[in-house]
Amino acid sequence: MGATQSLEMSFHLPCLPDGSGKPPSTCLAVAPGLNGNSTNNCNCSTSSTGSTGSNDGANGSIGNSSSLPDDEQVDVAFEDFFSLQRPKDIISGSCSGLKSVVKGIAAGATALIAAPALGMKEDGTMGFVKGLGAGVVGAVVFPMVGATVGVTQVVRGACNTREAISESRNGRRYDERLEQWVDYDLSKDSESIPTGDDEDLLGPARERAKQAKREQQRLRDPSAVVDTTFYEVLGVPVDATAAEIKKAYYDLARQLHPDKNPNNPTAKERFQRVGEAYQVLGNEELRARYDTSGASAVEDHSFVDCSAFFAMLFGDEKFDHLVGRLSLAMVVGSGVELSAEEREKLQERREIRLAVKLCGLLQPFVDD
């Protein structure tokens with residue numbers, strides 16, 4: 001970035017709700033850049049339903065970087081930083097509001113420290129002075145934004161509390177993804193999901209994995225790896241993707257786990273070795289060091305106890321029949337990298353299947 005380049009942070013700030021509990025109208029406030037310039041644009045619009053125009057709070061952005069080069073563009077949704085999700089009731093509204101206040105204070109403190117440092121780095125003493133000015137303004141603006149969002153969320157939660165009590169009494173549940181109350185029918189939900197292997201989600205992910213594999217093979221030179229021992233322990237090629245390494249570790253660790261081999265010291269030793277191999281190859285930095293310099297480059301690494309490491313990542317299989325496989329175990333076991341939306345859908349299906357299973361386990365007691 002050049003010395004004259006500005007760094008601006010833009011927000012769509014929610015106005016106070018009209019009592020309907022629906023997303024409020026929005027204002028746009030812009031914090032000054034490091035060049036000392038500042039703008040304050042307000043673009044509010046309201047309608048009978050409380051909806052907004054194209055500048056709606058959910059589509060706001062942090063990091064309005066029109067002055068940045070194309071390769072340095074920053075586009076972070078406002079809602080990714082401050083919570084604007086419709087709160088179910090006063091409790092969820094208060095929690096959401098508190099988080100926004102804390103984030104605003106943290107962002108303000110960061111701006112106060114970072115802006116002068118960046119200014120000093122880019123433009124010496126003059127840059128430090130400009131950065132300090134921007135940091136002071138940021139230290140005021142960000143907490144104000146957080147407080148505004150926080151109060152808004154509390155008010156929205158309070159407005160929605162009466163509805164929450166009524167809907168709960170009627171046996172409905174709040175869907176946080178849809179941000180609305182829905183009828184819960186387990187039989188219908190179970191009929192709406194596949195009974196098999198979720199191939200509709202895993203298939204596209206496998207295609208992406210194949211493409212990633214080809215890219216990995218293009219970029220990684222197998223001949224440059226000086227030590228292949230850890231790869232051999234996991235049974236993967238030296239150009240294996242991160243997903244392939246995770247799956248290999250998961251499959252081997254489940255097979256060799258001491259709980260499944262209580263009187264087998266060989267299995268225990270292999271389990272320990274597999275865990276150490278994954279702790280190196282599963283970490284990109286350690287893997288790069290290992291590839292270029294061998295085992296001596298990771299001798300100073302503190303390995304976590306492999307039984308505790310496996311349980312920390314994937315839970316205990318003793319309870320799988322009651323709680324199913326943890327979401328991370330499902331993702332790793334599939335051998336592919338899933339998007340956030342795909343993981344969410346997979347988790348939702350897991351919960352529905354578990355609910356059906358638990359109903360079956362409890363039904364005999366209800367019938368009696």
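Me: Let's start in the hairpin. Which residue in strand 6 is the bridge partner of arginine 173?
Reply: Keep in mind that this is a predicted model. Arginine 173 has its bridge partner in strand 6, and strand 5 (residues 172-175) runs antiparallel to strand 6 (residues 180-183). The partner of arginine 173 is valine 182.

Me: And what is the bridge partner of aspartate 175 in strand 6?
Reply: We stay with the antiparallel strands 5 and 6, which 4 bridges join. For aspartate 175, the partner in strand 6 is glutamine 180.

Me: Which residue between those strands takes a positive phi?
Reply: The hairpin of strand 5 and strand 6 has 4 residues between the strands. One residue in that loop has a phi of about 60 degrees although it is not a glycine. That residue is glutamate 179.

Me: Is glutamate 179 buried, partly exposed or exposed?
Reply: Glutamate 179 is found in the loop between strand 5 and strand 6. Buried would need under 20% and exposed over 50%. Glutamate 179 has 25% relative accessibility, so it counts as partly exposed.

Me: Now the largest pocket. What is its volume?
Reply: The residues closest to the centre of this pocket are Arg173, Asp175, Arg177, Glu348 and Ile352. Two of these, arginine 173 and aspartate 175, have already come up as bridge partners of valine 182 and glutamine 180. The pocket's volume is about 480 Å³.

Me: Which element gives the largest share of the lining of the largest pocket?
Reply: Strand 5, strand 6 and helix 12 (340-367) are the elements that give two or more residues to the lining. The largest share is 8 residues, out of 19 lining residues. It comes from helix 12.

Me: How many residues of that lining are charged?
Reply: The lining holds 6 nonpolar and 2 polar residues. The residues closest to the centre include Arg173, Asp175 and Glu348. The number of charged residues in the lining is 11.

Me: Moving along from strand 6, what does the side chain of aspartate 185 make a polar contact with?
Reply: Aspartate 185 sits in the loop between strand 6 and helix 3. Its C-alpha is 9.4 Å from that of arginine 172, 13 residues apart in sequence. The polar contact, at 2.5 Å, is with the side chain of serine 187.

Me: Is aspartate 185 buried, partly exposed or exposed?
Reply: The buried class stops under 20%, and the exposed class starts over 50%. Aspartate 185 comes in at 29% relative accessibility, so it counts as partly exposed.

Me: Is serine 192 buried or exposed?
Reply: Serine 192 is found in the loop between helix 3 (186-191) and helix 4 (199-219). Its side chain reaches the backbone oxygen of aspartate 189 at 2.6 Å. The cut-off for exposed is over 50%. With a relative accessible area of 55%, serine 192 is therefore exposed.

Me: How far apart are the C-alpha atoms of serine 192 and arginine 349?
Reply: Along the chain, serine 192 and arginine 349 are 157 residues apart. Arginine 349 falls within helix 12 (340-367). In space, the C-alpha atoms are separated by 9.4 Å.

Me: Over to helix 2. Is arginine 156 buried or exposed?
Reply: Arginine 156 is found in helix 2 (residues 90-169), and its side chain has a polar contact of 2.9 Å with the side chain of glutamine 153. Buried means under 20%. Arginine 156 has 1% relative accessibility, so it counts as buried.

Me: What about valine 136: buried, partly exposed or exposed?
Reply: Valine 136 is in helix 2 as well, with its C-alpha 8.9 Å from that of alanine 115. Partly exposed lies between the 20% and 50% cut-offs. At a relative accessible area of 42%, valine 136 is therefore partly exposed.

Me: Last one: which residues have the most contacts inside the largest nonpolar core?
Reply: This core has 27 residues, and helices 5, 6, 7, 8 and 9 each give two or more of them. Apart from it lies another core of 6 residues, among them Leu202 and Leu346. In the largest core, the residues with the most contacts are Leu234, Tyr249 and Leu281.

Technical notes: Residues are numbered from 1 along each chain as its sequence is written. This is a predicted model: local features need pLDDT of at least 70, side-chain atom pairs count only at pLDDT 80 or more; totals for chains, interfaces and linings use all residues. Side-chain values use heavy atoms; hydrogens and water are left out. Two strands pair if DSSP finds at least two bridges between them. On a 1 Å grid over the protein atoms alone, a cavity is a set of points where a 1.4 Å probe fits but cannot get out, and a pocket is an open set with protein on both sides within 12 Å along at least five of seven lines; lining residues have an atom within 4 Å of a point. Grid points are joined across faces, edges and corners, and a volume is the space filled by probe spheres set on the points. Ala, Val, Leu, Ile, Met, Phe, Trp, Tyr, Cys and Pro count as nonpolar, Asp, Glu, Lys and Arg as charged, and the others, Gly among them, as polar. A nonpolar core is a set of buried Ala, Val, Leu, Ile, Met, Phe, Trp, Tyr and Cys residues joined through side-chain atoms within 4.5 Å. Buried means under 20% relative accessible area, exposed over 50%, partly exposed in between (1.4 Å probe, protein chains only). A polar contact is a pair of N or O atoms within 3.5 Å; within protein, one must be able to donate a hydrogen and the other to accept it, and residues adjacent in sequence count only if both atoms are side-chain atoms.
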